[in-house]
Amino acid sequence: MRRTAYVFAGVLCSMAAALACSSDSMTGGGAPASANADVDFVAQPSDFTCILDWTNVRAFYITNKSGKVTEALAVANSANGGTYPVGTIIQLIPQEAMVKRKAGFNSMTKDWEFFSLSPSATGTQILKRGTTDVVNQFMGNCFDCHKKADPKFDMVCENTHGCDPLPVSDSVIHGVQQADPRCHD
Ligand code: HEC
């Protein structure tokens, strides 16, 4: 029985070689768009570009690197929230990002990977990436704040989803967004 299952899986894998049974070849920056929500997205420094080029929703900027911008925007614009598709990147400021990994990546963070970034005119350096252990430049733990968001909003805080507020004003946030060093030649 076990052997049958194994052989069957092997046949499926060789049939699906083009779709890559080994997920390694499907991960990484610029992974091709895929209809398969189970294909992971592992962000690379080059995936973090000028946030002003992405879609602005209320205070934040959002994109999707797995060809699911429409689906991601539908969640962002829904009063009922929802679960963001794999490959979604959301940023409030150029220095921080949350990236949606595939289902099962981390149940505590609802499969979000948190990033502390150092953007510059020449590109983006990833200072720290992780789940429950990433802190921002004020030594605030991303997960500790974002976990307080109403569950239906998939860890997205905004001003109204129940998170502790950031210690900076809206106008400061706006200024930091506009000053994204990657947006200026
Ligand atoms: C003190 C609590 C706190 C900490 C710590 C914190 N955040 Fe947030 N974050 C917020 C709040 C509140 C907002 C919404 C701000 C707004 O809309 O004006 C926000 C907004 C965001 C957004 C835009 C989407 C959203 O949730 O509204 C992203 C992305 C984000 N934070 C990522 C991070 C990352 C990554 C870290 C760690 C490196 C981090 N945050 C640390 C509270 C926090």
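**A quick tour of the fold and its ligand shell**

Among contacts in the protein between residues at least 6 apart in sequence, 42% link residues that are at least 24 apart. Keep in mind as you look around that this is a predicted model. The protein has 185 residues, and buried ones make up 29% of them. You'll find 4 helices and 6 strands here, and a ligand with 28 residues around it.

**Getting your bearings**

- Starting at the N terminus, the elements run α-β-β-α-β-β-β-β-α-α.
- The 6 strands form an open sheet, in the order 1-2-3-4-5-6, and their pairing is antiparallel.
- At the edges sit strand 1 (55-57) and strand 6 (123-130), each of which pairs on one side only.
- Going from one strand to the next, the twist averages 30 degrees.

**Around strand 4**

- Strand 3 and strand 4 make a hairpin, with 4 residues between them.
- These two strands, 3 and 4, pair in the antiparallel sense over 2 bridges.
- If you want a spot to zoom in on, try Ile90, whose bridge partner in strand 4 is Met98.
- Strand 4 also pairs with strand 5, again in the antiparallel sense, this time over 5 bridges.
- Here, Lys100 has Trp112 of strand 5 as its bridge partner.
- Strand 4 is largely enclosed by the rest of the structure, because 4 of its 5 residues are buried.
- As a bit of background, side chains in a regular strand alternate between the two faces of the sheet.

**Helix 2 against the sheet**

- Helix 2 (residues 69-76) lies across strand 1, strand 2 (60-64) and strand 3.
- Relative to strand 2, helix 2 runs at about 145 degrees.
- The buried residues of helix 2 are Ala72, Val75 and Ala76.
- These residues cover an arc of only 100 degrees around the axis, so they sit on the same side of helix 2.
- Strand 1, strand 2 and strand 3 are included in what covers the buried residues of helix 2.

**The shell around the ligand**

- Of the 28 residues around the ligand, the ones that come nearest are Asn136, Gly140, Cys142, Cys145 and Cys157.
- By type, the shell splits into 17 nonpolar, 7 polar and 4 charged residues.
- Three strands each supply at least two residues of this shell: strand 3 (88-91), strand 4 (96-100) and strand 5 (112-120).
- Helix 3 (142-146) and helix 4 (170-178) also supply at least two shell residues each.

**A look at Asn141**

- Asn141 is found in the loop between strand 6 and helix 3.
- Asn141 counts as partly exposed because it has 14 C-beta neighbours inside 10 Å.
- Asn141 and Phe114 are 27 residues apart along the chain, and their C-alpha atoms are separated by 9.7 Å.

How values were computed
Residues numbered from 1 in each chain as written. Predicted model: local features only at pLDDT ≥ 70, side-chain atom pairs only at ≥ 80, totals over all residues. Near = placed C-beta within 6 Å. Nonpolar A, V, L, I, M, F, W, Y, C, P; charged D, E, K, R; others polar. Pairing = 2+ DSSP bridges. Axes fitted to C-alpha atoms, helices over the stretch in contact; angles between N-to-C directions. Contact = placed C-beta atoms within 7 Å. Buried ≥ 20, exposed ≤ 12 C-beta atoms within 10 Å, placed from the backbone. Arc of directions from axis to C-beta.
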